[in-house]
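Here are my notes on the model, point by point. Please read them with the structure open.

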Amino acid sequence: MKSNLPKVLHAVGGRSLLGHAMVAGRELAPAHLAVVVRHGRDLVAAEALRVDPAAVVADQDDVPGTGRAAQAGLEALDAIVGGAGLSGSVVVTASDVPLLDGATLSQLVAAHHADGNAVTILTTVVADATGYGRIVRAQGEGDVLAIVEHKDATQSQREIREINSSIFVFDADVLRRGLASLTLDNAQGEMYLTDVVAFARSEGRPVRAVIADDPLTVEGTNDRLALSVLGAELNRRTLERWMLDGVTVVDPGSTWVDVDVELAPDVTLLPGTQLHGATRVERGATIGPDTTLTDMEVGEGATVTRTHASLSVIGAGATVGPFSYLRPGTVLGAGGKIGAYVEVKNSQIGDGSKVPHLSYVGDATIGEGSNLGAGTIVANYDGVAKHRTVVGSQVRVGSDNVLVAPVTIGDGAYTAAGSTVTRDVPAGALGVGRAQQRNVEGWVARRRSGSASAAAADAATGGEPHNAPTKSDADASPSEGSAL
């Protein structure tokens, strides 16, 4: 991967490669689930326990190979079980196969039990088997005789196109004794798990294979190119599943949905939409175009357009965007609005309330049915600490207001356009926080003589000063200059 990050921690579809393997394994409802770690041990172990706190983390030592990895996992499980150790069926999977699912594993286990096998191998057939272990079958009966690694294969064996996927079901006792027989005597100097197949055959035990029809289901990832290819295929399958469940995806080619996202029927995803993490979108909502939502809740019938949002809640029938930014902790009530070029952070906006445009709202609580005029800024940070602003219900905040936290505006209050609000405004009051306007007559003629502005002023006034009436703050209309 050419990365400081261990391969199995690279992600597709919103989940690490290791996470995909563990989720697929858990779908079998196993008695125990073990993750064997070696390279990047601490990071990989932490991810394993984050995905599944009940997982058993087993350490592989410096002895290389898949056989030694399986041995380390089995020893850890034997220690938990005690006595004679683990019994029954042991499923061994790889942690770099993101398209492998629980259904495929279930079919493999079912075949293992139905045939009474000692070993059952998940295989597939590919056009070019270079680099893969080949499945060598007995002529006529089709039982598996051995798995031969590419470097150890003869020329005739290299012509075999059926390959090992590194996914197995073993009888626990056969696996334990087979692993004990392994050596490092091979081209790569590793303990091969695949040699347990030959061991089982040497005891006359049945070894069979189940062929996966779709090679991508068992395709491994060794570089970022493969990661991209499998990520695109995983996304295609995810979108296909949702479309069959009643979701409209206008342009699947530009739409990305993580595997843990939940979508209700009649949701519409417009081009350029990305839904990440644990996002949930309810029935009838429309998302996009050009929208990225991460760990979001979007209510029924809501519309979110050209918006970037995370860890927030958008209520039923609400509208957001275009060009909105919802940071963690934002809660927009039912029927509310967050409009163009608005940023909201850690704030609760009540049902039917609106922040239509060109505003910043941080660390605020806004009641129901209120409106913040264009250019409203909630000044929540004093350079040391964050403070909270409370705006009541049915409040009208004038355009170009700065609400300097901590401050409270009571229910039904108004603030005049252009105000800086530093004190609480009682319910039903008008808050005015601006200097009185003063007009300096003749200033352009004196200070900008000869300019285009001076010529325009002369034409408008006939060369005489224009004595326009002024308004005092006391006479100001609270709605003048407001935007609804």
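**Notes on the predicted model**

1. Pro406 sits in the loop that runs between β34 (402–404) and β35 (407–409). The peptide bond joining Ala405 and Pro406 is cis, with omega about 0°. Please keep in mind that this is a predicted model.

2. There is another cis peptide bond to check, between Gly321 and Pro322. Its omega is about 5°. Pro322 belongs to the loop between β23 (319–320) and β24 (324–326).

3. Val390 is part of strand β32 (residues 389–391). Leaving out neighbours within four places in sequence, Val390 contacts Thr365, Val407, Thr408 and Ile409. The last three of these fall in β35 (407–409). Is Val390 buried, partly exposed or exposed? Its relative accessibility is 34%, so Val390 counts as partly exposed. One distance can be added: the C-alpha atoms of Val390 and Ser347 are 9.8 Å apart, with these positions 43 residues apart along the chain.

4. Two residues deserve a look at their backbone angles. Ala29 is not a glycine, yet its phi is positive, about 55°. Ala29 lies in the loop between α1 and β3 (34–37). Its relative accessibility of 65% is why Ala29 counts as exposed.

5. Leu358 also has a positive phi of about 55° and is not a glycine. Here the setting is a strand, β28 (residues 354–362). Leu358 counts as exposed because its relative accessibility is 52%, and the cut-off for exposed is over 50%.

6. Arg134 merits a closer look. This residue lies in strand β7 (residues 134–137). Arg134 is buried but has no salt bridge. Which side chain of opposite charge is nearest to Arg134? That is Asp128, 6.0 Å away. A salt bridge needs the nitrogen and the carboxyl oxygen within 4 Å, so Asp128 does not qualify as a partner.

7. What does the side chain of Arg134 reach instead? It makes a polar contact with the side chain of His150, at 3.0 Å. The side chain of Arg134 also reaches the backbone oxygen of Ile160, at 3.0 Å. Beyond its neighbours within four places in sequence, the contacts of Arg134 include Ala129, Ala146, Ile147, Val148 and Gln157. Arg158, Glu162 and Ile163 are also among them.

8. Strand β7 has a charged pair as well. Arg137 and Glu162 form a salt bridge through their side chains, at 2.8 Å from N to O. Arg137 is in strand β7 and Glu162 in strand β9 (residues 162–171), so this pair ties together parts that are 25 residues apart in sequence. Glu162 counts as buried, at 10% relative accessibility. Arg137 is partly exposed, with a relative accessible area of 29%. Glu162 also appears among the contacts of Arg134.

9. How many salt bridges does the model have? The count comes to 24. One of the pairs is Arg68 with Glu75, whose closest N and O atoms are 3.8 Å apart. Arg68 is buried, with a relative accessible area of 15%. Glu75 is partly exposed, with a relative accessible area of 44%.

10. The side chains of Glu282 and Arg280 meet in another salt bridge, 2.7 Å from N to O. Both residues are partly exposed: Glu282 has 28% relative accessibility, and Arg280 has a relative accessible area of 32%. Elsewhere, salt bridges with shared partners join Asp214, Glu233, Arg236, Arg237 and Glu240 into one network.

11. Last, the second largest pocket. Its volume is about 360 Å³. The lining consists of 15 residues. Those nearest the centre are Pro98, Leu99, Asp101, Leu234 and Val259. Which elements give two or more residues to this lining? They are α1 (17–26) and α8 (224–244). Helix α8 gives the most, with four residues.

Technical notes: Residues are numbered from 1 along each chain as its sequence is written. This is a predicted model: local features need pLDDT of at least 70, side-chain atom pairs count only at pLDDT 80 or more; totals for chains, interfaces and linings use all residues. Side-chain values use heavy atoms; hydrogens and water are left out. Buried means under 20% relative accessible area, exposed over 50%, partly exposed in between (1.4 Å probe, protein chains only). Lys and Arg count as positive and Asp and Glu as negative; His and the chain ends are not counted. A polar contact is a pair of N or O atoms within 3.5 Å; within protein, one must be able to donate a hydrogen and the other to accept it, and residues adjacent in sequence count only if both atoms are side-chain atoms. Contact means heavy atoms within 4.5 Å. On a 1 Å grid over the protein atoms alone, a cavity is a set of points where a 1.4 Å probe fits but cannot get out, and a pocket is an open set with protein on both sides within 12 Å along at least five of seven lines; lining residues have an atom within 4 Å of a point. Grid points are joined across faces, edges and corners, and a volume is the space filled by probe spheres set on the points.
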